[in-house]
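Reader: Please take me through the interior of this structure. I want a close look at one enclosed space, and then at how the helices are packed.

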Amino acid sequence: MVPVPLVCAGAILPRGYRSSPFVVANADPEVVAMADEVTAANVDDGDRAAAGVAGVEPGALSRPGGEVIVDLEEQVRAALELAARFQQRWGPYQPHPASRVDSGRLAAAWAEYGERLQDNYPFFHPRYAGQMLKPPHPVAIAAYLAAMTINPNNHALDGGPATGAMEKELVRELAAMFRLPRATLGHLTSSGTIANLEALWVARELHPGRAIAYSEDAHYTHARMCGVLGVEGVSLPADAAGRLDLEALERELRRGRIGTVVLTAGSTGLGAVDPVHEALALRERYGCRLHVDGAYGGFFALLGWADDPLVPAAPLRAIGECDSVVVDPHKHGLQPYGCGAVLFRDPGVGRLYRHDSPYTYFTSEELHLGEISLECSRAGAAAGALWLTLRALPLAANHGLGPILAAGVRAARAWADLIERSDELELYLRPELDILTFFPRPEAPSCRAVDAASAKLLREAMTDPSPVFLSTLRVGSERLRRRDPRLAVDAPEARVVRSVLMKPEHELSVPTLHREVLRIAARAVSS
């Protein structure tokens, strides 16, 4: 079998991981040296983490060498060995012939499957800088596989005793990341959408008949879930930086109809962080409930608590004072889809979930996660994968997961600096996290021309022989004109280019990305 190396900056496992590292053209030597320092800092934690992986022989996970690079093939081999040992505990049995498949049919199906999977963009590659997509960490892939061979169901401890216990530990770890109380109630979900649904459902039960307010730049799931729940949703304006306008919020709060306010920690369009810290005073004044949608940006709270934070510290530190928070490990937590999480500061909300099931919850008097979840069946493998990943890459600012997050922030800001010094591109907003927005400078200064040039840049960059994969964001023309008053408002909105730099390898690739985008942008504005 040919080794499949996956290189992740800051990945930590025992000394000795070695594989063929991806070489980035034009990588800044200072950035490479900095990445080497981060890797070296992570080694000791990796040694301790790997020593705690029960039943995995060190020789099965490492090769001679000094680099700390996680090899997917080795991780998968360890997962399959773990699965085999588990099955051997229970003795042999005869597989039923009904489970057999025709070998030729299977080979043909694999061949077709392999061909069809080629119809994907290279989400793993630094040249993919479009949407919030990247492969899971190799540790997460292998951990998910190992648990999936058992296929536990974390609805009840009867169906997932080991992974259910891991999930409870994860809730405590995620709560600690936000500085929430140890007694915080929560669980994993299949997505951020479901996690937000649960938080808004709890809000409806606690404030019946009252509306839920959110920014116009909040994720569309909030308006959609208000419809599902039969609750009035109130969309409020965002300021020039894409953050919730607190003056507009207070005007609505004075009317008395708002029961819950959704604050976004990392909007999916801009990566903007709402002023959570300033909203706390409004809760005290008006008695509303505060829910933080940190599905995208919640993990940046790690950096917010650093001694020298790269990110907006005050709002991210204030998350722990709010009533509920959602975070998606399948975004910045390096996990496969789908893995979300919802946390409630007051464990007393668990009473709202009370129900009875005559055929579950019978092997333990402990809390079953299905007793505090709207979802029933949930993959225990998701909890297992996140648990093992966080043993390898702890929730810390200066090691583990923190340096991976910081690399994306630095990448976005480094590219923003290059754009600000260029004649061909114009920055839309300075990035707060790791999402960058900009647009080509058209020959005719109008919003319609910006829209056309951005759309053309997107298409041509994807199909270029040296491609870069980007995305676009629709913004109101008046908001765009705040950035460049010369633009004629000849359309109600315009597309700008959006780049999500969530892979740590993006930091090493900024010079290449910028050079290629400049080259392609010249064509986009010339015709």
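Author: Three cavities of 30 Å³ or more are present in this predicted model. Take the second largest. Its volume is about 40 Å³. Which residues line the second largest cavity? One group is M132, L133, K134 and P135. Another is H330, K331, L334, Q335 and Y337. M502 completes the lining. By class, six of these lining residues are nonpolar, two are polar and two are charged. The charged pair is K134 and K331. H330 and Q335 supply the polar pair.

Y337 deserves a second look. Besides lining the second largest cavity, Y337 is joined to G338 by a cis peptide bond. Omega there is about -10°. G338 sits in a loop, with β6 (324–327) on one side and β7 (340–344) on the other.

Another backbone feature lies elsewhere. R179 has a phi near 65°. That is a positive value, and R179 is not a glycine. R179 belongs to the loop between α5 (161–177) and β1 (185–189).

Now the helix packing. Start with α16, residues 505–526. It packs against α13, residues 401–420, at an angle of about 30°. The two axes are 9 Å apart. Angles under 35 degrees count as roughly parallel, so α13 is roughly parallel to α16. The crossing of α13 past α16 is right-handed. From α13, the contact takes in A407, R410, A411, A414, W415, L418 and I419. From α16 come H506, E507, V510, L513, H514 and V517. By class, this contact of α13 with α16 has nine nonpolar, two polar and two charged residues. R410 and E507 are the charged ones. H506 and H514 are the polar ones.

How does α14 meet α16? Helix α14 covers residues 447–463. Its axis comes within 9 Å of that of α16, and the two cross at roughly 130°. The pair is therefore oblique. Here too the crossing is right-handed. On the α14 side, the contact is made by A453, K456, L457, E460 and A461. On the α16 side, it is made by V517, I520, A521, R523, A524 and V525. Eight of these residues are nonpolar, none is polar and three are charged. The charged three are K456, E460 and R523. V517 takes part in the contact with α14 and also in the contact with α13.

One more helix pair remains. Helix α4 spans residues 138–148, and helix α12 spans residues 380–392. They pack at about 140°, with axes 8 Å apart. That angle makes α4 oblique to α12. The crossing of α4 past α12 is right-handed. α4 contributes V139, A140, A143, Y144, A147 and M148. α12 answers with A381, A382, G384, A385, L388, T389 and A392. By class, the contact of α4 with α12 has 11 nonpolar and two polar residues, with no charged ones. The polar two are G384 and T389, both from α12.

Notes:
Residues numbered from 1 in each chain as written. Predicted model: local features only at pLDDT ≥ 70, side-chain atom pairs only at ≥ 80, totals over all residues. Heavy atoms only, no water. Axes fitted to C-alpha atoms, helices over the stretch in contact; angles between N-to-C directions. Helix = DSSP H or I, 4+ residues; strand = E, 2+ residues; numbered from the N terminus. Parallel < 35°, antiparallel > 145°, perpendicular 65-115°, else oblique. Left-handed = near helix turned anticlockwise from the far one by under 90°. Contact = heavy atoms within 4.5 Å. 1 Å grid on protein atoms, 1.4 Å probe; cavity = no way out; pocket = protein on both sides within 12 Å on 5 of 7 lines; lining within 4 Å. Points joined across faces, edges and corners; volume = space filled by probe spheres on them.
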